[in-house]
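I opened my notebook for another look-up session. Here is what I went through, in the order I asked about it.

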Amino acid sequence: MEEEILEKYKKAGEIAKKVREEGKTLVKPGVKILEIAEKMENRIRELGGIPAWPLNISINDIAAHYSPSFDDETIIKEEDLVKLDVGVSVDGYIADTAITIALSEKDKKLVLAAEKSLEEAIKLVKPGREVNEISSKIEEVIKSFGLNPIVNLTGHGLKRYIIHSEPRIPNCSSNYHYKLKKDDVIAIEPFVTRGRNYIKEEDEDRGLTYSLVREKPCRLKEAREIINKMKNREGLPFSDRWLPVKGIKLKLAMKELKDKDCVEVYRILRGDSKIAQAEHTIIVLDKPIVTTL
Ligand code: MN
Ligand code: MN
């Protein structure tokens, strides 16, 4: 990997780590998640990065993809299991990291299993390693806690401005026989639950994020404004909080953008029981670099 690119990945990783650790201290009962998201995103900008996606704060049985909208009133409750998933872009080179904060003693084991399986998985990363060995290790560690990995959520490759690319890194053994290559950048992210071992996409109309996937002429002025404001993100996801349009006009503009396939929606992913996650980004080298550790 070119030195200059490596440095950008490292810088993104350092920012993501710092913001993740600061974010951990903000998670307390009674706090609005909207406030946490905005603080953490502002810190990313202050430190010289760009949020690679809106801060994801997924609570309890929501595994991933929840980010508060501009009018989100959700408040953290006493027993919540809170996942912070942080994405930082430095010139399109991305760091992806997540932690889970268990406010209830009863959920600490879920967090421990996610962290331990991630730690063991990272030890196996090297050029030439078959992904399935990593996946099997994740499954083995989680099951040793008497818990289940979520089988339809996987780690993934990262490329410039692309948040999910090959290879995928499943959280249980599979028929996927990709061998890691030098310079691959990957995110490993075990998800752990006591309940059902898969998640479903929700139809619910809250906590959504969006990507601008193509530009087309639009009838509504507000839809054109959204395109103009978001096109420099090169397809990285955005929040309605970042848009100049609010209220009914926002709804109508987003509807036009969705109908014209200009915008893709990331829906909430939900299981049937509390879910914990841990995640780091790793550059595959003879001596791998965990950029977010
Ligand atoms: Mn993530
Ligand atoms: Mn990820």
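**Entry 1: charges**

How many positive and negative side chains does the chain have, and how far apart do the centres of the two sets lie? I counted 52 positive and 51 negative side chains, with the two centres 1 Å apart. A reminder to myself before going on: this is a predicted model.

**Entry 2: overall build**

I looked up the secondary structure next and found six helices and 17 strands in the chain. Then I checked the radius of gyration. A compact globule of 293 residues would come out near 19 Å, and the chain has 19 Å, so the two agree. Along the principal axes, the C-alpha atoms fill a box of roughly 55 × 45 × 35 Å.

For burial, I noted that 56% of the 293 residues are buried. The exposed area of the chain is about 13,100 Å², and carbon and sulfur atoms supply 50% of that. I also asked how contacts are spread along the sequence. Of those with a separation of 6 or more, 75% join residues 24 or more positions apart.

**Entry 3: the manganese ion (ligand 1)**

Which residues coordinate the manganese ion (ligand 1)? I found Asp85, listed twice through OD, together with Asp96 (OD) and Glu279 (OE), at 2.1 to 2.2 Å. Along the chain, these donors follow the spacing D-x10-D-x182-E. Asp85 sits in strand E4 (residues 81-90) and Asp96 in strand E5 (residues 93-102), so this pair ties together parts that are eleven residues apart in sequence. Are Asp85 and Asp96 buried or exposed? Both are buried.

**Entry 4: the manganese ion (ligand 2)**

I moved on to the manganese ion (ligand 2), whose donors are Asp96 (OD), His156 (NE2), Glu189 (OE) and Glu279 (OE), at 2.1 to 2.2 Å. The spacing of its donor residues in sequence reads D-x59-H-x32-E-x89-E. Asp96 bridges this ion and the manganese ion (ligand 1), and the two ions lie 3.2 Å apart.

Why does the pair Asp96 and Glu279 tie together parts that are 183 residues apart in sequence? Because Asp96 belongs to strand E5, while Glu279 lies in the loop between strand E15 (275-277) and strand E16 (280-283). I looked up accessibility for both: Asp96 has 3% relative accessibility and counts as buried, and Glu279 is buried at 0%.

**Entry 5: Ala276**

I stayed with strand E15, where Ala276 lies. The relative accessible area of Ala276 is 0%, so I wrote it down as buried. What does Ala276 touch, leaving out residues up to four places away in sequence? My list has Leu81, Lys83, Thr100, Leu110, Val111, Ala114, Pro190, Phe191 and Val192. I also took one distance: Ser104 is 172 residues from Ala276 in sequence, and their C-alpha atoms are 12 Å apart in space.

**Entry 6: Ile134**

Where is Ile134 found? It is in helix H4 (residues 131-144). With 0% relative accessibility, Ile134 counts as buried. Not counting residues up to four places away in sequence, Ile134 touches Ala121, Leu124, Val125, Arg129, Ile169, Leu180 and Ile188. For a distance here, I took Lys200: it is 66 residues from Ile134 in sequence and 24 Å away in space, C-alpha to C-alpha.

**Entry 7: backbone geometry**

My last search was for backbone angles that stand out. Most residues other than glycine have a negative phi, and most peptide bonds are trans.

Which peptide bond is cis, with omega near -5 degrees? I found the bond from Glu166 to Pro167. Pro167 has its place in strand E8 (residues 162-169).

For positive phi, I noted Asn60, with a value near 60 degrees in a residue other than glycine. Asn60 lies in the loop between strand E2 (56-59) and strand E3 (62-64). Its relative accessible area is 17%; the cut-off for buried is under 20%, so Asn60 is buried.

I noted Asp183 too, which is not a glycine but has a positive phi of about 80 degrees. Asp183 is in the loop between E8 and strand E9 (185-188). At 31% relative accessibility, Asp183 counts as partly exposed.

Technical notes. Residues are numbered from 1 along each chain as its sequence is written. Chains are lettered from A and ligands numbered from 1 in the order in which they are written. This is a predicted model: local features need pLDDT of at least 70, side-chain atom pairs count only at pLDDT 80 or more; totals for chains, interfaces and linings use all residues. Side-chain values use heavy atoms; hydrogens and water are left out. Helices (H or I, at least four residues) and strands (E, at least two) are DSSP runs, numbered from the N terminus. The radius of gyration is taken over C-alpha atoms; the globule rule is 2.2 Å times the number of residues to the power 0.38. Buried means under 20% relative accessible area, exposed over 50%, partly exposed in between (1.4 Å probe, protein chains only). Contact means heavy atoms within 4.5 Å. Accessible areas come from the Shrake-Rupley method with a 1.4 Å probe; for residues, only the protein chains shown count as cover. Lys and Arg count as positive and Asp and Glu as negative; His and the chain ends are not counted. The place of a charge is taken as NZ of Lys, CZ of Arg, CG of Asp or CD of Glu. Donors are N, O and S atoms within 2.8 Å of the metal (3.2 Å for Na, K and Ca); water is not among the atoms, so sites may look incomplete.
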